[in-house]
Structures are given as structure tokens and as C-alpha cells.
Amino acid sequence: MTPEFQPLHDTAFRGFASDNYSGVHPEVLAAIAGANGGHQVAYGDDDYTGHLHEVFARHFGDPVEVFPVFNGTGANVTALQSMLPRWGAVIAASTAHINVDEGGAPERVGGIKLLTVPTDDGKLTPELVDREAWGWGDEHRAQPLVVSITQTTELGTAYSVDEIRALADHAHERGMRLHMDGARISNAAASSACRCARSPATPGSTCSASAAPRTARCSARRSWCSSRRHPRA
Ligand SMILES: Cc1ncc(COP(=O)(O)O)c(C=O)c1O
């Protein structure tokens, strides 16, 4: 028999400072409980991981690859590491979560140099990217090979699809890749009434997403990456 559980907090209280504060939706909890029977092969070979791919393909289009990780910081570090050689650098807004709010994880854990640019509204533009997009081939400079944006930004602004496309084209033309910290991509999709699949992925580019559903909640954390390798990378 399950022992009776008494919550230690006021479950009627609502706080909107962070989605990390929230509990899990009852339907999600019910689905987890429903899947919690018998045995399934581990290490990604279970039926649910297979289904996760179908769900992401529906939202982001195919081809897509999904790698569940523990949290948003882990998603960013893992995605950026997968996109960069050891000498690579990332251009990001100075307000970006990867720069301000991840305890230095991209630098400490990922060994990644961040090249930050001040912005008016948290959004990068091709012109702002160019302030740091230089020095390829210079052995003294960490090589700018990724442009990272957050959708929606840390300042509450959202990139339009056209703005993302312009950034992706700009990065690709310079041999860089575009990474999106998509912690709030569902908010952006809802606010622009646009499907996530409209994220620009140029032909031949790779586009990967990683999600970290905490077992206690199901807010998808996605890092979205695209583009070609820099010829020198
Ligand atoms: C834009 C953004 N990226 C990444 C993260 C990191 O997520 P986590 O706290 O799960 O590591 C957050 C967390 O709030 C976030 O807002």
C-alpha cells in the first residue's frame, strides 16, 4: 500500500519567475505512471524514445535527431560541443543565458570561448554578429564557428522567422553554424502562430534538437543547431 503523502508546500501557490518552479501537468504524470510497467530495453532502444523521434519530426520536420538530456544547460553545452572543434568559439548576445546564467558551464564544462555582443533588445542581427565574426585562420584567436541565439530571448523579445533565416544565411555564408537555445521556443511558436518546423534549415545542413524532460515535469528544453562546417574546422 502506498503511504499517504502530505505536500510540504502550498500547492495552490503559483509563481511565474521560472518554469523550473512548476510541477508537472497531471496528464504528463499519468502518462509516466502508465508507462511505468514491465521492462523495456534501456539506452535509447525503448519504444518511447522511438516515439519521441516521431513527435519531434512532426514538430520540426524530418530529418531530425533527438537526444534527451537532463536539463537546459546540459542541452546547450552538449549541442555546442557537438558543433565545435576544441578551438571553436560561439558568438552570442551578452545577455544570452549561456553567458549569464549557466554558471560558466559552456566555458568550464564545454571548454568553449564565448564571444559576446551587447544588443539593445537581446536579439542578434547579422550586423551585430559581424562585430565578432572575424579572424578565421588567425592562430591567436578562438575561431568563431557558431552563432547562438535564444528564442525567445532573455529580454522577452522574439525573433521572427525572417530574422532567424537572415541570421542562419549570414552564418552559413561565413562557414558558421546557427545554434538556438530553444528553452522558450514553444512560446515563440505560439506568439507567432508558426510551427517550429519553420526554423530555417538550409539544404544539406544538419539540424538537431535535444530535449530534457525532467521526470517531474515536461517542459521541453531544446537546443536547435543548423548549418555547414566551416571549411577550416
Ligand atoms: C533560455 C534558457 N536556456 C537555458 C536554461 C537552462 O535550463 P536549466 O535550468 O534546465 O539548466 C534556461 C533556464 O531557465 C533558460 O531560460
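Tutor: A nonpolar core is a set of buried Ala, Val, Leu, Ile, Met, Phe, Trp, Tyr and Cys residues joined through C-beta atoms within 7 Å. Buried means that 20 or more other C-beta atoms lie within 10 Å of a residue's own; exposed means 12 or fewer, and partly exposed covers the range in between, with C-beta atoms placed from the backbone. The model is predicted: local features need pLDDT of at least 70, side-chain atom pairs count only at pLDDT 80 or more, and totals for chains, interfaces and linings use all residues. Residues are numbered from 1 along each chain as its sequence is written.

Student: Which residues touch the most other members of the largest nonpolar core?

Tutor: They are L80, V90, I91, V146, V147 and L167, in a core of 32 residues. Two or more residues each come from α3 (72-83), β2 (88-93), β3 (113-117), β4 (143-150), α7 (161-173) and β5 (177-181). Another core lies apart from it and has seven residues, including F56, F60, V64 and A189. In soluble globular proteins, nonpolar side chains tend to be buried together.

Student: What makes a stretch a helix or a strand here?

Tutor: Both are DSSP runs numbered from the N terminus: H or I over at least four residues for a helix, E over at least two for a strand. The chain has eight helices and seven strands. Of its 233 residues, 34% count as buried.

Student: Which residues is V147 in contact with, beyond its neighbours within four places in sequence?

Tutor: Contact requires C-beta atoms, placed from the backbone, within 7 Å. By that rule V147 is in contact with I91, L124, V129, L167, A171, M176 and L178. For the chain, taking contacts between residues at least 6 apart in sequence, 74% join residues at least 24 apart.

Student: Why is L114 called buried?

Tutor: L114 has 21 other C-beta atoms within 10 Å, and the cut-off is 20 or more, so L114 counts as buried. L114 belongs to strand β3. Leaving out residues up to four places away in sequence, L114 touches V90, A92, I98, N99, P106 and E107.

Student: And why does S148 count as buried?

Tutor: S148 has 30 C-beta neighbours inside 10 Å, so the criterion is met. This residue is in strand β4. S148 and V90 are 58 residues apart along the chain, yet their C-alpha atoms are separated by 6.5 Å. Apart from neighbours within four places in sequence, the contacts of S148 are V90, I91, A92, A96, I98, H179 and D181.

Student: What makes Y43 exposed?

Tutor: Y43 has 6 other C-beta atoms within 10 Å; exposed requires 12 or fewer, so Y43 is exposed. Y43 sits in the loop between α1 (26-35) and α2, and has a positive phi of about 60° although it is not a glycine.

Student: How do you know that the span of α7 agrees with what is expected?

Tutor: The expected span is 1.5 Å times one less than the number of residues. For the 13 residues of α7 this gives 18 Å, and the end C-alpha atoms are 18 Å apart, so the two agree. For α3, with 12 residues, 16 Å is expected and the ends are 17 Å apart, which also agrees.

Student: How do you know that the buried residues of α7 line one face?

Tutor: The buried residues are I164, L167, A168, A171 and H172. Seen down the axis they fall within an arc of 130°, so they line one face; the arc is that of the directions from the helix axis to the C-beta atoms. An α-helix has 3.6 residues a turn, so residues three or four places apart point the same way. The face of α7 turned away from the buried side carries the exposed residues D162 and E173. Just after α7, G175 takes a positive phi of about 75°.

Student: Which residues come nearest the ligand?

Tutor: Of the 11 residues around the ligand, they are N71, G72, T73, H97 and A183; a residue is near if its C-beta atom, placed from the backbone, lies within 6 Å. The largest share of the shell, three residues, comes from α3. In α3, the buried residues include G72 and T73.

Student: Which peptide bond involving P63 is cis, and what is its omega?

Tutor: The bond from D62 to P63 is cis, with omega near 5°. P63 lies in the loop between α2 (47-60) and β1 (65-66). Q151 and T152 are also joined by a cis peptide bond, with omega about -10°; T152 is in the loop between β4 and α7.

Definitions and conventions
Contact = placed C-beta atoms within 7 Å.
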